[in-house]
Amino acid sequence: MIDHDDINMRRALALAQDAADRGEAPIGAVLVDPVTGAVVAEASNAPIALHDPTAHAEILAMRSAGLATGNYRLTGLTLYVTLEPCAMCAGAISHARLGRVVFAAEDAKGGGVVHGPKIFDQPTTHWRPKVDGGLFAEEAAALLRNFFRARRS
């Protein structure tokens, strides 16, 4: 049996490395149709390159998926992302009606799902996806640590 979670998170990690290689925070995202296993869209962080503070990997992947599907509702798709989504991304995930979010590393400082405002736990949230965290967390955290350590030295 193929483990789609592992395959897709490994792809998200590769996208995160691509972002780091471009000088962007190393975060990658892959949107998958869980029924077919097909990748609908993928992206990596690009706020610096795009001069856009909203150009997080999750947002860019959802924009691309919306164009690919011809719909702003991405109902049922699964998002694989290397870092816990921030509040902005979690809000967009809710509006897009994603079915599941799988993230690697938790973000105690900037996360919006299991930390911070816990967007999906708010009574006014439109939609609550299933959330699974921790898949390849060490790898994703190491990538982030190494990236920011190099920036500080």
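Which residues of helix 5 are buried? The points below take up this question and related features of the model, which is a predicted one.

1. Helix 5, buried side. The buried residues in helix 5 are Ala140, Ala141, Leu143, Leu144 and Phe147. Around the axis they cover an arc of only 155°, which places them on the same side of helix 5. These buried residues pack against helix 1, strand 3 (78-83) and strand 4 (100-105). On the other side of helix 5, the exposed residues are Glu138, Ala150 and Arg152.

2. Helix 5, length. Helix 5 comprises 16 residues, 137-152. At 1.5 Å a residue, a span of 22 Å is expected, and this agrees with the 22 Å between its end C-alpha atoms.

3. Helix 1, buried side. In helix 1, Asn8, Met9, Ala12, Leu13, Leu15, Ala16, Ala19 and Ala20 are buried. Their arc around the axis is only 160°, so they lie on the same side of helix 1. The packing partners of these buried residues are strand 1, strand 2, strand 3, strand 4 and helix 5. Arg10 and Asp21 are exposed on the face of helix 1 turned away from the buried side.

4. Helix 1, length and end. The 18 residues of helix 1 should span 26 Å at 1.5 Å a residue; the end C-alpha atoms are 26 Å apart, in agreement with that value. Just after helix 1, Gly23 has a positive phi of about 85°.

5. Glu24, a buried acidic residue. Glu24 is located in the loop between helix 1 (4-21) and strand 1. Glu24 is buried but has no salt bridge, and Arg22, the nearest side chain of opposite charge, is 5.1 Å away. Polar atoms of the Glu24 side chain do lie 3.1 Å from the backbone nitrogen of Ile48 and 2.7 Å from the backbone nitrogen of Ala49. Apart from neighbours within four places in sequence, Glu24 is in contact with Ala19, Asn45, Ala46, Pro47, Ile48, Ala49 and Phe147. Among these contacts of Glu24, Ala19 belongs to the buried residues of helix 1 and Phe147 to those of helix 5.

6. Salt bridges. The structure holds five salt bridges. One of them joins Asp5 and Arg100, with the closest N and O atoms 2.8 Å apart. Asp5 lies in helix 1 and Arg100 in strand 4, so this pair ties together parts that are 95 residues apart in sequence. Arg100 also meets Asp132 in a salt bridge, at 2.8 Å from N to O. Because Arg100 is in strand 4 and Asp132 in strand 5, this second pair ties together parts that are 32 residues apart in sequence. A further salt bridge links Asp132 to Lys130, the closest N and O atoms being 3.0 Å apart. Asp5, Arg100, Lys130 and Asp132 are thus linked in a network of salt bridges. Within this network, Asp132 is partly exposed, with a relative accessible area of 23%, and Lys130 is also partly exposed, at 48% relative accessibility.

7. Positive phi outside glycine. Most residues other than glycine have a negative phi. Lys118 has a positive phi near 45°. Lys118 is found in the loop between strand 4 and strand 5 (130-133) and is partly exposed, its relative accessible area being 35%. Phe136 likewise has a positive phi, near 60°. Phe136 lies in the loop between strand 5 and helix 5 and counts as buried, because its relative accessibility of 12% is under 20%.

8. Asp33. Asp33 is placed in the loop between strand 1 (28-32) and strand 2 (39-44). Its relative accessible area is 22%, so Asp33 is partly exposed. The Asp33 side chain reaches the backbone nitrogen of Thr36 at 3.4 Å. Not counting residues up to four places away in sequence, Asp33 touches Ala38, Val40 and Leu77. Asp33 and Thr78 are 45 residues apart in sequence, with 6.4 Å between their C-alpha atoms.

9. Met88. Met88 belongs to helix 4 (residues 87-96) and is partly exposed, with a relative accessible area of 33%. Met88 touches Pro53, Thr54, His56 and Ile59, residues up to four places away in sequence being left out. Met88 and Ser44 are 44 residues apart in sequence, and their C-alpha atoms are 16 Å apart in space.

Key:
Residues numbered from 1 in each chain as written. Predicted model: local features only at pLDDT ≥ 70, side-chain atom pairs only at ≥ 80, totals over all residues. Heavy atoms only, no water. Helix = DSSP H or I, 4+ residues; strand = E, 2+ residues; numbered from the N terminus. Buried < 20%, exposed > 50% of the residue type's maximum accessible area, 1.4 Å probe, protein only. Contact = heavy atoms within 4.5 Å. Polar contact = N/O pair within 3.5 Å; in protein donor to acceptor, adjacent residues only side chain to side chain. Lys, Arg positive; Asp, Glu negative; His and termini not counted. Salt bridge = Lys/Arg side-chain N within 4 Å of Asp/Glu carboxyl O. Expected span 1.5 Å × (residues − 1). Arc of directions from axis to C-beta.
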